[in-house]
Amino acid sequence: MDSLADIRIYVATHKQTYVPEHPLLKPLQIGAALHSPLDGFLHDDAGDNISAKNNSYCELTGQYWVWKNEQADYYGFYHYRRYFSFHAEKHPYMIYDFPDDVTLRRMNCAPEQMEQLISQYDIIVPAAENMYETVWENYSRAPHHYMEDLQLAANLVKELHPDYKNAVEQYLSNTRLYLKNMYIMRHEHFHAYCNWLFPLLEEFDHRNSWNKYNGNKAAMRVDGYLAERLFGIWYTHMKQQGNIKSCELSRVHFANMDGSKGGLQRMKLVNMVLPPGTKRRSMVSRCARYVLKKLK
């Protein structure tokens, strides 16, 4: 493909996994400082990096590394089992088996199709999912989340960026979430976002009371959890300014990345009975999270 723009979409993984041979996809090992290097992958422990913080920053260590060490016209971030579909039909997310060539064609992910759509926008985000509860409520009910963490993060945004106050209040009190720290952005917006996000997380780390997690590995992934909500605040502010052109795409979850053949049918059944973005799914999820929170 003769690309008019340098588009790089980094596929973050912490373990050996399949990444299609595709001119726009760049396999990236996250937390590489904490694990053996994966062959054939970029590694987030080279150059300027925070790879050793992967236990709390999750996929953000890869995004930090790209910010500090890579140059492109557009930057994008997938997970090893979560991509964007470039198909016109929009859902919060869809389930497919495996990212083989046939599946990628179904998702309109030929390089030319992807480039044509990406080049039309400043920011591409995952389709917002209606949780039928506010972002505040959704965070507080999750099993390994602490409400005081989101409160501290929100206060830091308003303290360090007073012009974001309306965006903080609007996004956290709405019911539609932008999940998974996935996006594709034009160069200047990606760098602006990282310059905004990482100092906030650094200040959160400085002020946070870490002993409350008692070594719980899931709870200590707090920086990654918070970044999902902070992204929504940042994106809301950008839309309020009215100077960006944005697009929402469906997330795709690949159910068979680890070879578990039964996963695809189970997940499709759940999505059929409890479609993403519906009140029915939200109620069942809320009950499940309540039980898990009590058992924690």
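This is a short talk on the cavity, one helix and some aromatic contacts in a predicted model.

Okay, housekeeping. It's a predicted model, where local features need pLDDT of at least 70 and side-chain atom pairs count only at pLDDT 80 or more, while totals for chains, interfaces and linings use all residues. Numbering runs from 1 along each chain as its sequence is written, and side-chain values use heavy atoms, with hydrogens and water left out.

Let's start inside. A cavity here is a set of points, on a 1 Å grid over the protein atoms alone, where a 1.4 Å probe fits but cannot get out; lining residues have an atom within 4 Å of a point. Points are joined across faces, edges and corners, and the volume is the space filled by probe spheres set on them. So how many cavities of 30 Å³ or more do we get? The count is one, and the largest cavity has a volume of about 30 Å³.

Its lining is A12, L28, I30, E59, G62, Q63, F77, Y78, H79 and N181. By class that's five nonpolar, four polar and one charged. For the classes, Ala, Val, Leu, Ile, Met, Phe, Trp, Tyr, Cys and Pro are nonpolar, Asp, Glu, Lys and Arg charged, and the others, Gly among them, polar. Helix 2 (60-69) and strand 4 (74-79) each supply at least two lining residues, and strand 4 gives the most, with three. Those elements are DSSP runs numbered from the N terminus: helices are H or I, at least four residues, and strands are E, at least two.

Stay with helix 2 for a second. Eight of its 10 residues are buried, so the helix is largely enclosed by the rest of the structure. Buried means under 20% relative accessible area, with a 1.4 Å probe and protein chains only. Among the buried ones are W65 and W67.

Now the rings. Phe, Tyr and Trp rings (six-membered ring for Trp) pair if their centres lie within 6.5 Å; planes under 30 degrees apart are stacked, over 60 edge-to-face, the rest tilted. The whole structure has 25 aromatic pairs. Take Y183 and Y193: centres 5.6 Å apart, planes at 80 degrees, so edge-to-face. Y183 is in strand 10 (residues 183-186) and Y193 in helix 8 (residues 187-207), so this pair ties together parts 10 residues apart in sequence. Both are buried.

Y193 also pairs with W196, centres 6.3 Å apart and planes at 25 degrees, so that one is stacked. Y193 and W196 are three residues apart in helix 8, about one helical turn.

Technical notes: On a 1 Å grid over the protein atoms alone, a cavity is a set of points where a 1.4 Å probe fits but cannot get out, and a pocket is an open set with protein on both sides within 12 Å along at least five of seven lines; lining residues have an atom within 4 Å of a point. Buried means under 20% relative accessible area, exposed over 50%, partly exposed in between (1.4 Å probe, protein chains only).
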